[in-house]
Amino acid sequence: MIHRKLAAVIAFVLLWNPIFQAGNAEAIKMNDQYKVLAVSKEKKKSNRKKTNSSEAPRTGAKAFALIDVTTGRILHSDNGETRLPMASTTKIMTAIVALESGKLNDKVKTSKRAVGKEGSSIYLRLGEEMTLQHLIYGLMLRSGNDAAVAIAEHVGGSEDGFVYMMNQKSEELGLENTSFRNPHGLDQKEHYTSAHDLAQLSAYALHNKHFQTIVQTKVKVVPNPIEKWDYKWTNKNKMLRFYAGADGVKTGYTSNALRCLVSSATRNGQQLAVVTLNDGDDWNDHQALLDYGFAHYPLTNVIEKGYKLEGQPYEIDASWSYPLRTEEQSKIQRKVEWFQPNSLDYRLGHRGKLSIWLEDKLIGSIPIKNSMQVETNQLETNQRKTTQTQ
């Protein structure tokens, strides 16, 4: 009798033990779905914490790339050359082409084609006029597809004309795995990019002061030409609120591309950017990748402007920095190339160039000029000659 009671108690404990229940996934989904989601999130956090801090973080992205904006060095990536749909991150190219080719104070009239564009919108009305600059804010903060078409028609003469300009710019930047078919990013055949290409495009765009100002804006108030109230646009990029130092760039989503994100951040004078394509946990992945980049690839001063070459009356004409891991700093090599006196570079005042190599890869080149003392002596000599002639 005692044995039977003991067996019943053990069975009861096992039946209600959470570990035993965890084996029955269907029962948990039916009875406590939210608890399962919470446990799943905790497991993800736990896995991240267990990753060695010196190791690059793992992501849920189909492809990603981490880039140093100043130098364009890809610091870390996975499937970086794979061609994938890019959703509204397309608008990075739309914005930079408009900024470089259009006039920001131009008034742009909204066409029927722009008003009728499906997807995300800033709700432009037929015939409404707005400056090109304000349309670019609506494009980048609210991801307005109507704004994208209005911009394209104004700057390119037509949507097709503008797409041609986008692809020209892509070719100019050497983006070999990128093809544009529209200015907004809605799914379309032969409209794709790669994580590497999108990272390089983003780094290029972030060198444009107008672009940088727009993408780091959290809230923008724009005059409304029709109503008494102004437009007020809040940036969809949550990284601007989640991550210290965040200053861009663009979100994206379609049913085919799924979640796409480009983010950037600046710390200690160094700006990094991250691209993820098809990533269900992009906000967390971007924070982890940026943390990794800042921690392990600090922008390192390789040589200072004015550095004098030993045994030569010459000096370096500019400071130069590069993102380097600690173990890479000892692998930097410097090589000097002298210019011939009859060369154009020599006549322009450059006496040679200092090439910087990381192992067997050329990573930079800095001009060499006469030292300040040599230039001062030459100036004094020329002045004496002039005085004697007079």
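**Two antiparallel sheets and a perpendicular helix pair**

In the predicted model, strand β7 (residues 246–254) is mostly covered, with eight of its nine residues buried. Its partner is strand β8 (residues 258–267), to which β7 is paired in the antiparallel sense over eight bridges. The connection from β7 to β8 is a hairpin of three residues. Within this pairing, Y253 has R259 of β8 as its bridge partner.

The two strands belong to an open sheet of five strands, arranged in the order β2-β1-β9-β8-β7 with antiparallel pairing. The edges of this sheet are formed by β2 (74–78) and β7, each of which pairs on one side only. Neighbouring strands are turned against each other by 5° on average, direction ignored. Towards the β2 edge, strand β1 (residues 63–68) and β2 run antiparallel and are joined by four bridges. One residue of this pairing is L66, whose bridge partner in β2 is H76. In a regular strand, side chains alternate between the two faces of the sheet.

Helix α13 lies across β1, β2, β7, β8 and β9 (270–277), and runs at about 35° to β8. The helix comprises 15 residues (282–296), and at 1.5 Å a residue a span of 21 Å is expected; the C-alpha atoms at its ends are 21 Å apart, in agreement with that value. The buried residues of α13 are D282, W283, D285, H286, L289, L290, Y292, G293, F294 and H296. An α-helix has 3.6 residues a turn, so residues three or four places apart point the same way.

A helix–helix contact was examined next. Two packed helices are described by the angle between their axes and the distance between the axes. The axes of helix α5 (residues 91–101) and helix α9 (residues 159–172) come within 10 Å and cross at roughly 95°. Because angles of 65 to 115 degrees count as roughly perpendicular, α5 is described as roughly perpendicular to α9. On the α5 side, the contact is made by M93, T94, V97, A98, E100 and S101, and on the α9 side by F162, M165, M166, K169 and S170. By class, the residues of the contact of α5 with α9 are six nonpolar, three polar and two charged.

T94 is placed in helix α5. Its relative accessibility is 0%, and T94 therefore counts as buried, the cut-off being under 20%. With neighbours within four places in sequence left aside, T94 is in contact with L139, I151, F162, M166 and P183. Of these residues, F162 and M166 also take part in the contact on the α9 side. The C-alpha atom of T94 is separated by 9.7 Å from that of V149, and the two residues are 55 residues apart along the chain.

A further open sheet is formed by four strands in the order β11-β15-β14-β13, again with antiparallel pairing. Strands β11 (314–316) and β13 (332–338) each have a single partner strand and stand at the edges, so one side of each is left without a neighbour in the sheet. The twist from one strand to the next averages 30° in this sheet. Strand β14 (residues 350–358) is paired with strand β15 (residues 361–370) in the antiparallel sense over eight bridges. In this pairing, the bridge partner of I356 is G364 of β15.

Methods. Residues numbered from 1 in each chain as written. Predicted model: local features only at pLDDT ≥ 70, side-chain atom pairs only at ≥ 80, totals over all residues. Heavy atoms only, no water. Expected span 1.5 Å × (residues − 1). Buried < 20%, exposed > 50% of the residue type's maximum accessible area, 1.4 Å probe, protein only. Pairing = 2+ DSSP bridges. Axes fitted to C-alpha atoms, helices over the stretch in contact; angles between N-to-C directions. Contact = heavy atoms within 4.5 Å. Parallel < 35°, antiparallel > 145°, perpendicular 65-115°, else oblique. Nonpolar A, V, L, I, M, F, W, Y, C, P; charged D, E, K, R; others polar.
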